[in-house]
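Hi there,

Here is the structure I promised to pass on to you. Have a look at it first, and then read my notes below.

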Amino acid sequence: MTNDDIASILELTVKLMDLHEENPFKSKSYASAAYRIEKLATPLEGKSLAELQALPELGKTTASVVDEILRTGTWSTLQELLTKTPKGILEMMRIKGLGPKKVKSIWTQLNIETPGELLYAIQEQRLSTLKGFGEKTQADLEKAITFFLAHQGKFHYAEGEEILTELLPLLNDLFPGLAITAYGHTRRKTDVLEKISIAGIGSMQVPIGNFSAYPTLVIEQCDDKGWTGSIADKYKIEYKPIAAEVFYKELWLSSSSEEHQQDIKLDKTFTNEAEIYSYNNIAFHPTECREFKTKWDESYINGLVQDKDIRGVIHNHSTYSDGKNTVEEMAMACKKAGYEYLVMSDHSQTAAYAGGMGMDKVFSQFKTIDQWNAKHPDFRIYKSVESDILTDGSLDYTDEELSAFDLIIVSVHAGLKMDEATAMQRLIRAIEHPSTRILGHMTGRLLLSRPGYPIDHKKIIDACAANKVAIEINASPYRLDIDWRWLQYAQEKGVWISINPDAHSIDGIQDIHWGVISGRKGGLLKSNTLNALDLNDFEDWRKNFKK
Ligand SMILES: [Zn+2]
Ligand SMILES: [Zn+2]
């Protein structure tokens with residue numbers, strides 16, 4: 001159990017206490033405990049009660065709560081609250097814009113207990129009678145519920161891959177000869193999944209109930225047509241048996257878009273997927289590269305960016321703003337992982353909620369960085385900042401202050417509800433700023449929880465090309481923003497793409513992997529990837545720049 005998991009359990013407790021109007025002092029103290037636990041750099045799992053109590057960040061009461069959570073996966077106060085809260089009410093609390101207070105009044109005054117009922121009530125104008133639900137709020141809520149209902153039960157690809165990395169070798173050991181592998185959208189590495197799909201040659205008989213070799217897997221149904229189940233009560237999983245003669249054809253069809261399938265002959269038995277391509281005189285396309293109708297040649301596919309090509313880690317947060325690890329810890333982790341440079345870009349001053357840096361903090365971070373760089377000539381930390389793009393499109397510091405940094409990343413964090421015209425003006429002004437080098441998470445989308453603000457992608461990419469601004473693929477599996485569908489256009493325009501983890505901890509650095517998958521999906525070449533440049537070439541890119 002990670003610290004984040006513990007913090008989420010406490011946060012849910014707080015929400016439910018507020019919903020049921022329980023002791024506000026207690027709920028506030030749990031909220032601040034959750035906040036402190038989220039910020040802790042050392043994992044709590046594995047610590048004894050005495051060790052927990054010795055942590056100054058926890059205190060005695062919180063320590064015993066954490067101990068209970070670590071031992072049982074939950075705690076008594078939360079369990080009591082859960083038993084008096086209908087399931088639909090819990091779901092409503094996960095909808096953007098619905099805090100405990102609003103849910104309470106919808107529940108007690110209108111007797112609405114599910115998101116579906118709430119949507120219907122909005123369409124019937126029944127919410128207008130409640131305090132705090134003006135026309136604008138209702139319209140926003142309607143959008144948020146529709147989004148929620150459309151994405152229920154779905155999850156990020158990263159979670160699916162992490163499970164399969166453990167589960168597939170295990171199943172293949174237990175059932176040799178079935179060649180069990182990922183299937184469908186799971187195989188295609190689609191950024192959001194509805195279920196984890198696997199397939200094998202022939203049927204796999206498994207008992208209903210907990211799967212002993214992988215206890216979080218519960219088999220719900222099993223027959224000759226395969227089995228279905230769930231993992232950790234959260235992820236649907238299915239096994240599909242396929243006859244040997246059509247196995248590779250089926251695998252390939254399941255992982256290729258309709259466009260990609262066009263003009264491909266499948267009129268024979270194949271003994272692997274590569275044979276399908278060679279039979280059609282086309283280079284082998286890895287499973288994540290089966291989106292487009294146009295087929296790539298071998299040299300293009302060999303040139304696609306790979307995990308091992310990434311030399312520098314760009315866009316990271318430290319304890320100077322909302323990160324969990326210090327600058328030195330982040331740098332050491334990057335160095336150990338074989339990277340050559342780290343671009344440290346904490347939040348700028350306007351992002352007060354994220355501990356954004358005033359110039360005094362900036363200068364003290366500069367000192368830390370200078371000291372590190374003096375001691376480590378073979379690894380460089382760059383002085384950067386993720387400057388907020390303010391509502392009018394200006395950046396967060398004066399031009400003179402901005403020129404003190406090695407390079408500037410710009411992103412929108414507040415005021416996300418914009419129409420396209422407003423968003424475009426705001427972004428283009430920021431792109432045109434003489435200091436801007438990289439555009440962070442271009443649309444602000446959060447997969448499964450909010451769509452991005454509307455933009456004209458082509459115009460933004462054109463502006464980045466004209467102003468020599470690189471575009472980030474924010475590699476967090478929750479963002480993957482810019483969307484891979486725009487990468488080819490960006491490459492045609494000669495825009496550098498930077499695969500940035502936006503890491504808020506040492507673990508977050510590994511998110512680069514999800515960005516690389518996105519890049520490959522969209523056809524991103526190593527030669528167009530900014531942080532595939534080694535330290536020397538990156539330094540050239542950084543220095544030789546004038547708008
Ligand atoms: Zn950001
Ligand atoms: Zn960031």
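What follows is a short tour of the metal sites and of one sheet.

Please keep in mind that this is a predicted model.

Let me begin with the two zinc ions. They lie 3.3 Å apart, and Glu 386 bridges them. The zinc ion (ligand 1) has as its protein donors Glu 386 (OE), His 413 (NE2) and His 441 (NE2), at 2.1 to 2.2 Å. Along the chain, these donors are spaced as E-x26-H-x27-H. Glu 386 sits in strand β11 (residues 380–388), while His 413 belongs to the loop between β12 (407–411) and α19 (420–432); with their positions 27 residues apart, this pair links distant parts of the chain. Both Glu 386 and His 413 are buried.

Around the zinc ion (ligand 2) you will find His 315 (NE2), His 317 (NE2), Glu 386 (OE) and Asp 502 (OD), again as coordinating residues, at 2.1 to 2.2 Å. Their spacing reads H-x1-H-x68-E-x115-D. His 317 is in the loop between β9 (312–316) and α16 (327–336), and Asp 502 is in the loop between β15 (497–500) and α22 (512–521), so this pair ties together parts 185 residues apart in sequence. What about burial here? His 317 has 0% relative accessibility and therefore counts as buried; Asp 502, at 11%, counts as buried too.

The geometry of this second site may interest you: the angles among the four donor atoms of the zinc ion (ligand 2) run from 81 to 169 degrees, and the site is irregular. A tetrahedral label would require all angles to lie between 85 and 135 degrees.

Now for the sheet. It is open and built from six strands with mixed pairing, in the order β2-β4-β8-β7-β6-β5. At its edges are β2 (181–182) and β5 (209–210), each pairing on one side only. The pairing of β2 with β4 (residues 196–201) is antiparallel and spans two bridges, and Thr 181 is found opposite Ala 199 of β4.

Two helices lie across this sheet. Helix α10 (residues 157–174) crosses β2, β4, β7 (226–231) and β8 (235–242), at about 25 degrees to β4. Helix α12 (residues 247–254) lies across β2, β4 and β8, and its angle to β4 is about 165 degrees.

If you open the model in your viewer, Glu 386 makes a handy starting point, as it coordinates both zinc ions.

Best wishes

Methods:
Residues are numbered from 1 along each chain as its sequence is written. Chains are lettered from A and ligands numbered from 1 in the order in which they are written. This is a predicted model: local features need pLDDT of at least 70, side-chain atom pairs count only at pLDDT 80 or more; totals for chains, interfaces and linings use all residues. Side-chain values use heavy atoms; hydrogens and water are left out. Two strands pair if DSSP finds at least two bridges between them. Helices (H or I, at least four residues) and strands (E, at least two) are DSSP runs, numbered from the N terminus. Contact means heavy atoms within 4.5 Å. Axes are lines fitted to C-alpha atoms, for helices over the stretch in contact, and angles run from 0 to 180 degrees between N-to-C directions. Donors are N, O and S atoms within 2.8 Å of the metal (3.2 Å for Na, K and Ca); water is not among the atoms, so sites may look incomplete. Buried means under 20% relative accessible area, exposed over 50%, partly exposed in between (1.4 Å probe, protein chains only). Four donors count as tetrahedral if all angles lie between 85 and 135 degrees; four count as square planar and six as octahedral if opposite donors are over 155 degrees apart and all others between 65 and 115; anything else is irregular.
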